[in-house]
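Reader: I'd like to learn how to read a ligand site. Could you walk me through one?

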Amino acid sequence: GGLKDVFLQRDMITVGGGVRFPALARMALRSSLSGLEFAVGIPATLGGGIMMNAGAFGQDMGSLVQEVETIDHQGKQQTWSKGELCFGYRSSSLQDQNLIVLKAVLRLTPALKEDIAARMDANLASRCKIQPLDFPSAGSVFRNPPHDHAGRLIEEVGLKGHRIGDAMVSPKHANFIVNCGSAAGRDILALIKTVQKQVCGEKGIMLVPEVLIMGEEG
Ligand SMILES: Cc1cc2nc3c(=O)[nH]c(=O)nc-3n(C[C@H](O)[C@H](O)[C@H](O)COP(=O)(O)OP(=O)(O)OC[C@H]3O[C@@H](n4cnc5c(N)ncnc54)[C@H](O)[C@@H]3O)c2cc1C
């Protein structure tokens with residue numbers, strides 16, 4: 001199958017690595033299958049979402065995955081069973097292995113279409129209410145520390161609205177850094193460091209980025 005293919009067999013769905021989460025969630029809804037309600041508002045592809053173990057509202061990809069097929073840069077294909085994948089909070093054992101996710105098999109749960117639709121609507125409404133979706137961002141910048149929320153800590157040290165160039169800690173949700181115009185990567189990195197320093201200084205907690213930093217600084 002291709003990277004954009006989806007193949008449904010009862011409660012098992014085989015999904016290409018390039019399929020986007022919102023489209024996949026809507027497909028599951030049309031088939032009265034529950035499990036992907038969390039994915040409806042996440043701008044991810046299946047491959048990226050598995051790599052990062054994307055999740056929200058108490059659900060994540062890792063709990064749905066039965067099997068993942070990958071290819072490496074020499075063209076070697078491999079199938080990983082769920083027991084081999086070790087999903088954690090925004091992590092999977094596929095990270096740092098330089099593999100490309102070709103497809104995955106997910107197990108969903110049959111449920112009433114109206115109930116699935118209601119959960120999706122509630123999740124989307126909650127995102128619109130608390131997240132700064134009117135500006136470009138990379139989503140949550142920092143992982144939540146155990147039993148706490150990164151956004152709460154950043155807000156408490158008074159950094160909501162703090163700017164470096166056009167990069168700004170969102171006044172709406174402090175764990176988002178938004179681009180107000182033409183922020184450069186170095187502005188965002190500098191803001192990440194400022195937040196880490198201030199939260200560590202005042203709260204004694206070193207926030208760990210959830211975002212992956214790609215490319216060269218400068
Ligand atoms: C407004 C907003 C809200 C968000 N909300 C959430 C949320 O609620 N929960 C959440 O978990 N995330 C959230 N995110 C983050 C984002 O959607 C995730 O990072 C997602 O898991 C990966 O997205 P992507 O597919 O575009 O991959 P990218 O961001 O392009 O890549 C992420 C990593 O995966 C790798 N990768 C991508 N595709 C493949 C593939 N086929 N095979 C192997 N590796 C691959 C990349 O190399 C990179 O290392 C949000 C982002 C935004 C902008």
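Author: Happily; we'll go through the ligand's surroundings step by step, keeping in mind that this is a predicted model.

Reader: Where does the ligand sit?

Author: A good start is to look at the open spaces in the protein. Here the ligand takes up the largest pocket.

Reader: Which elements give two or more residues to the shell around the ligand?

Author: They are α2 (46–51), β4 (55–56), β8 (100–107) and β10 (137–140). The largest share, 4 residues, is from α2. At the domain level, domain 1 (6–129) and domain 2 (133–203) each supply at least three residues to the shell.

Reader: How many residues surround the ligand, and which are the closest?

Author: There are 23 around the ligand, and T45, A54, G55, V101 and R127 are the closest. Sorted by class, the shell holds 13 nonpolar, 8 polar and 2 charged residues.

Reader: What about polar contacts?

Author: For these, we look for N or O atoms within 3.5 Å of each other. A ligand nitrogen lies 2.7 Å from a polar backbone atom of V101, and a ligand nitrogen is 3.3 Å from a polar backbone atom of G48. On the oxygen side, a ligand atom is 3.5 Å from a polar backbone atom of P43.

Reader: How much of the ligand's area does the protein bury?

Author: The ligand alone exposes 960 Å², and 71% of that is buried by the protein.

Note on methods: Residues numbered from 1 in each chain as written. Predicted model: local features only at pLDDT ≥ 70, side-chain atom pairs only at ≥ 80, totals over all residues. Heavy atoms only, no water. Near = heavy atom within 4 Å. Polar contact = N/O pair within 3.5 Å; in protein donor to acceptor, adjacent residues only side chain to side chain. Areas by Shrake-Rupley, 256 points an atom, 1.4 Å probe, with all protein chains shown as cover. 1 Å grid on protein atoms, 1.4 Å probe; cavity = no way out; pocket = protein on both sides within 12 Å on 5 of 7 lines; lining within 4 Å. Sits in = over half its atoms within 2 Å of the grid points. Nonpolar A, V, L, I, M, F, W, Y, C, P; charged D, E, K, R; others polar. Domains from an automatic or database assignment.
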